[in-house]
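Let's work through a few exercises on the structure below. Keep the sequence handy and try each task before you read its solution.

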Amino acid sequence: MQTYGRLPIALARGEGCWVWDVNGRRYLDGLGGIAVNTLGHAHPRLVPALQEQVATLMHSSNYYHVPLQEQLAAKLCELSGLDVAFFCNSGLEANEAALKIARKFGNDRGNHNPEVLVFEGAFHGRSIATLSATANPKIHAGFGPLVPGFVRVPLNNLAAVEAALDAHPNITAVFLETIQGEGGINEARIEFLQGLRRICDQRDLLLMLDEVQCGIGRTGKWFAHQWAGIRPDVMPLAKGLGSGVPIGAVVCGPRAAKIMQPGNHGTTFGGNPLAMRAGVETLKIMEEDGLLAHAALVGSELKAALKAGLDGVPGVVEVRGQGLMLGVALDRPCGALLQRAADAGLMISVTAERVVRLVPALILSREEAAQIAAILVPLIKTFLSEPQA
Ligand SMILES: *Cc1c(COP(=O)(O)O)cnc(C)c1O
């Protein structure tokens, strides 16, 4: 189907933070498969582990216990301080599970019209329910009627949250990305997150933090909300958790841990041994190699290099983000930079039309980070110096 506007590039293989196209041309990968390839390409310790798993047991069934599932759940609970996990195959599936939890949380207490508070700029996926939770009208267009039960307010505005909760007593959950990815690298401020935690405790609501993109070490903590010293009740994960093997998870704390009972939810593929092995090994390698501290260091150097090159340049609005989740916001649509960066041997993404996004593998070296900035800064400057179309 014609679902994607693709660049005229076909990729053949990768190694570390480099990829080669079918013509043998090499690119520095600043995109990491959109925050997915946590350990880069063809990681020398992940590959043999996955090969061994494929040759042992790839898929069984959730009719039976899956020891690797229990192992990954225990690790995610240890790292997050939460209690239980459910596994699926993608970000939107993780968010669907979270939304079902929010609805059942209400229904279990006699609220048969539960609503969820969501935010401007949000992206939660492209299923019918998650696109309804998403804020982007382009993502809604053509797919109405939207799923009802969402109330939307601006990000980083606690007064707006309180007002919406007062006006909509059926709201059972507050649902947001700790750092908006597709929306343009917009951070929920620390005081805002702490305020939401307080409000959700006072009003007995679920705080559901979509860490599909910003989680798994990307910001220099296991989960981005840990910078605010809070815990969510429900945390959807996906992208970086399997280093490229499709995987999703919902991790829940005590308020949400027992909402789902046998028969309430399920998936055929979710939690299969191959994906679970990918998750277990990814987290293990991240720990062994100190990739959280590394992502924080390399990310701060990359951000500093981008700021040094771009701050004050007319047309540059802001260099923002944390760790290896960075955005350069411009004052104009900049999709043209995708092809230009590729021509210069660099893979990036452009999101929210005007934001150049960098979400590379967490193994990015300091030299590679410097190379990204050395390629990107002059490209952006040249682009901004041209008359606008
Ligand atoms: C990518 C993303 C999703 C959707 O994940 P898919 O695996 O594409 O379904 C949901 N939420 C956030 C924050 C994302 O970045």
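**Exercise 1. Find the loop that holds Ile185, then check its backbone and its role in the domain contact.**

Step 1: Ile185 sits in the loop between strand E8 (179-180) and strand E9 (186-187). Helices (H or I, at least four residues) and strands (E, at least two) are DSSP runs, numbered from the N terminus. This is a predicted model, where local features need pLDDT of at least 70 and side-chain atom pairs count only at pLDDT 80 or more, while totals for chains, interfaces and linings use all residues. Residues are numbered from 1 along each chain as its sequence is written, and side-chain values use heavy atoms, with hydrogens and water left out.

Step 2: Look at the backbone. Ile185 has a phi near 60 degrees, a positive value in a residue other than glycine. Most residues other than glycine have a negative phi, and most peptide bonds are trans.

Step 3: Now the domains. The assignment (automatic or from a database) gives domain 1 (46-288) and domain 2 (290-385). Together, Ile185, Arg218 and Met286 supply 39% of the area that domain 1 buries against domain 2, more than any other three residues. Buried area is the accessible area (1.4 Å probe) that two parts lose on being put together, summed over both.

**Exercise 2. Describe how domain 1 and domain 2 meet.**

Step 1: Over C-alpha atoms, the centres of the two domains are 27 Å apart. The contact (heavy atoms within 4.5 Å) takes 23 residues from domain 1 and 21 residues from domain 2.

Step 2: About 1700 Å² is buried between the domains, and carbon and sulfur atoms give 55% of that area.

Step 3: Count salt bridges, meaning a side-chain nitrogen of Lys or Arg within 4 Å of a carboxyl oxygen of Asp or Glu. Two of them cross the interface of domain 1 and domain 2. The count by this rule comes to 25.

**Exercise 3. How far apart along the helix are Glu281 and Arg277, which meet in a salt bridge?**

Step 1: Their side chains meet at 2.9 Å, N to O.

Step 2: Glu281 and Arg277 are separated by about one helical turn because they are four residues apart in helix H9 (residues 273-288).

**Exercise 4. Which residues lie closest to the centre of the second largest pocket, and which element gives the most to its lining?**

Step 1: Get the terms straight. On a 1 Å grid over the protein atoms alone, a cavity is a set of points where a 1.4 Å probe fits but cannot get out, and a pocket is an open set with protein on both sides within 12 Å along at least five of seven lines; lining residues have an atom within 4 Å of a point. Grid points are joined across faces, edges and corners, and a volume is the space filled by probe spheres set on the points.

Step 2: The second largest pocket holds about 770 Å³ of space. Of its 27 lining residues, Gln69, Ala85, Phe86, Phe87 and His265 are the closest to the centre.

Step 3: Strand E4 (84-88) is one of the elements that give two or more residues to this lining, and E4 gives the most, with four residues.
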